[in-house]
Amino acid sequence: MADGEEFCTSALYRDNPEWADVKPVYPTKEEDGAVRIAVTEQFRDAFAYLRAVIASGEMSSRVFLLTEDCIQLNPANYTLWQFRRELLKKLKVDLSNELKYLDDIIMQTPKNYQVWSVIAHFHSFTKNELAFTASVIEDESKNYHAWQYRQWVLRHFVFTGDDVDTAVETELSFTAKLLFEDPRNNSAWNNRYFVLQTNNKLADPSTVDNEISLAKRFIEKMPHNESVWNYLA
């Protein structure tokens with residue numbers, strides 16, 4: 001527990017007036033007797049307050065910060081990570097910041113199964129959200145909110161992975177499918193440009209040539225299509 005004690009920067013919660021309204025839940029004598037583990041006073045204090053807020057159902061910003069202290073003290077606690085995940089949803093925390101936080105924890109404890117499990121959950125989340133927005137867009141191809149959310153997921157999760165080129169090709173194929181269905185779909189053209197610009201693909205002359213050739217194919221079939229002309233501009 002020495003490492004946890006070093007990482008934890010907060011004072012004892014029992015001495016913090018902002019937590020005076022919470023009655024900490026310490027392990028019972030039976031629990032202490034069943035599993036004897038030497039812990040620091042900081043550990044005992046923080047987890048007593050964690051148990052209290054879990055029992056009361058409090059989902060607040062101060063509880064979110066409490067989980068950070070607890071994670072530094074015991075990053076392998078499954079219940080703690082599960083509770084933090086529920087807080088993320090409830091408080092609508094920026095998930096890109098959470099991924100950066102997870103990176104820091106991984107650097108401290110690279111063999112921590114619980115952290116890797118949380119990261120895997122985010123990857124599952126990404127696939128689900130892309131599938132979800134695709135279904136919405138298929139029903140309403142110019143749904144601004146769906147496109148905006150899809151681009152947020154792409155920017156913060158998909159295009160930050162190891163195989164960016166494959167991710168780019170997959171998204172370009174998705175937009176191409178929509179454009180062949182409706183060449184006037186300005187949202188799809190905008191998304192195509194977003195994908196290329198975000199990943200610095202427009203600096204590649206061959207990519208630019210391919211996009212010009214694609215646009216010309218649409219112009220030949222529909223010369224008065226403003227969407228494709230705007231894309232070329």
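Two aromatic rings of Phe, Tyr or Trp count as a pair here if their centres lie within 6.5 Å. Keep that in mind while you work through this predicted model.

**Exercise 1. Find the aromatic cluster and count the pairs.**

Start at the cluster: Phe 180, Trp 189, Phe 218 and Tyr 231 belong to one aromatic group. Then take the whole chain: the pairing rule gives 10 aromatic pairs.

**Exercise 2. Work out how the rings of Trp 19 and Tyr 49 meet, and which parts of the chain they link.**

Step one is the distance: the two ring centres are 5.9 Å apart. Step two is the angle, and here you need a cut-off: planes over 60 degrees apart count as edge-to-face. With 85° between the planes, Trp 19 and Tyr 49 form an edge-to-face pair.

Step three is to place them. Trp 19 sits in the loop between α1 (2–7) and α2 (29–34), while Tyr 49 is in helix α3 (residues 41–56). They are 30 residues apart, so this pair links distant parts of the chain.

Last, check the cover. Buried means under 20% relative accessible area. Trp 19 comes in at 4%, so it is buried, and Tyr 49, also at 4%, counts as buried too.

**Exercise 3. Do the same for Trp 147 and Phe 174.**

The centres of these rings are 6.1 Å apart, and the planes make an angle of 55°. That makes the pair of Trp 147 and Phe 174 a tilted one.

Now for the location. Trp 147 belongs to helix α8 (residues 144–156) and Phe 174 to helix α9 (residues 164–181), so the pair ties together parts that are 27 residues apart in sequence. Trp 147 is buried, with 4% relative accessible area, and Phe 174 is buried as well, at 14%.

**Exercise 4. Look at the backbone of Lys 92 and Asn 200. What is unusual about the sign of phi?**

Begin with the background: most residues other than glycine have a negative phi. Lys 92 has a positive phi, near 55°. Asn 200 is not a glycine either, and its phi is positive at about 55°.

Next, find them in the fold. Lys 92 is in the loop between α5 (78–91) and α6 (95–108). Asn 200 is in the loop between α10 (186–198) and α11 (205–221).

Then ask whether they are buried or exposed. For Lys 92 the relative accessible area is 74%, so this residue is exposed. For Asn 200 the value is 58%, which again means exposed.

**Exercise 5. Step back and describe the whole chain.**

First, count the elements: the chain has 12 helices and zero strands. The radius of gyration is 25 Å, well over the 17 Å that the globule rule gives for 233 residues, so the chain is more spread out than a compact globule. Along the principal axes, its C-alpha atoms fill a box of roughly 80 × 30 × 30 Å.

Second, look at the burial and the contacts. Of the 233 residues, 41% are buried. Among contacts with a separation of 6 or more, 64% come from residues 24 or more positions apart.

Third, turn to the surface and the charges. The accessible surface is about 14000 Å², and carbon and sulfur atoms account for 53% of that. The chain carries 25 positive and 35 negative charges, and the mean positions of these two sets are 4 Å apart.

How values were computed: Residues numbered from 1 in each chain as written. Predicted model: local features only at pLDDT ≥ 70, side-chain atom pairs only at ≥ 80, totals over all residues. Heavy atoms only, no water. Helix = DSSP H or I, 4+ residues; strand = E, 2+ residues; numbered from the N terminus. Rg over C-alpha atoms; globule rule 2.2 N^0.38 Å. Buried < 20%, exposed > 50% of the residue type's maximum accessible area, 1.4 Å probe, protein only. Contact = heavy atoms within 4.5 Å. Areas by Shrake-Rupley, 256 points an atom, 1.4 Å probe, with all protein chains shown as cover. Lys, Arg positive; Asp, Glu negative; His and termini not counted. Charge placed at Lys NZ, Arg CZ, Asp CG, Glu CD. Phe/Tyr/Trp six-rings, centres within 6.5 Å; stacked < 30°, edge-to-face > 60°.
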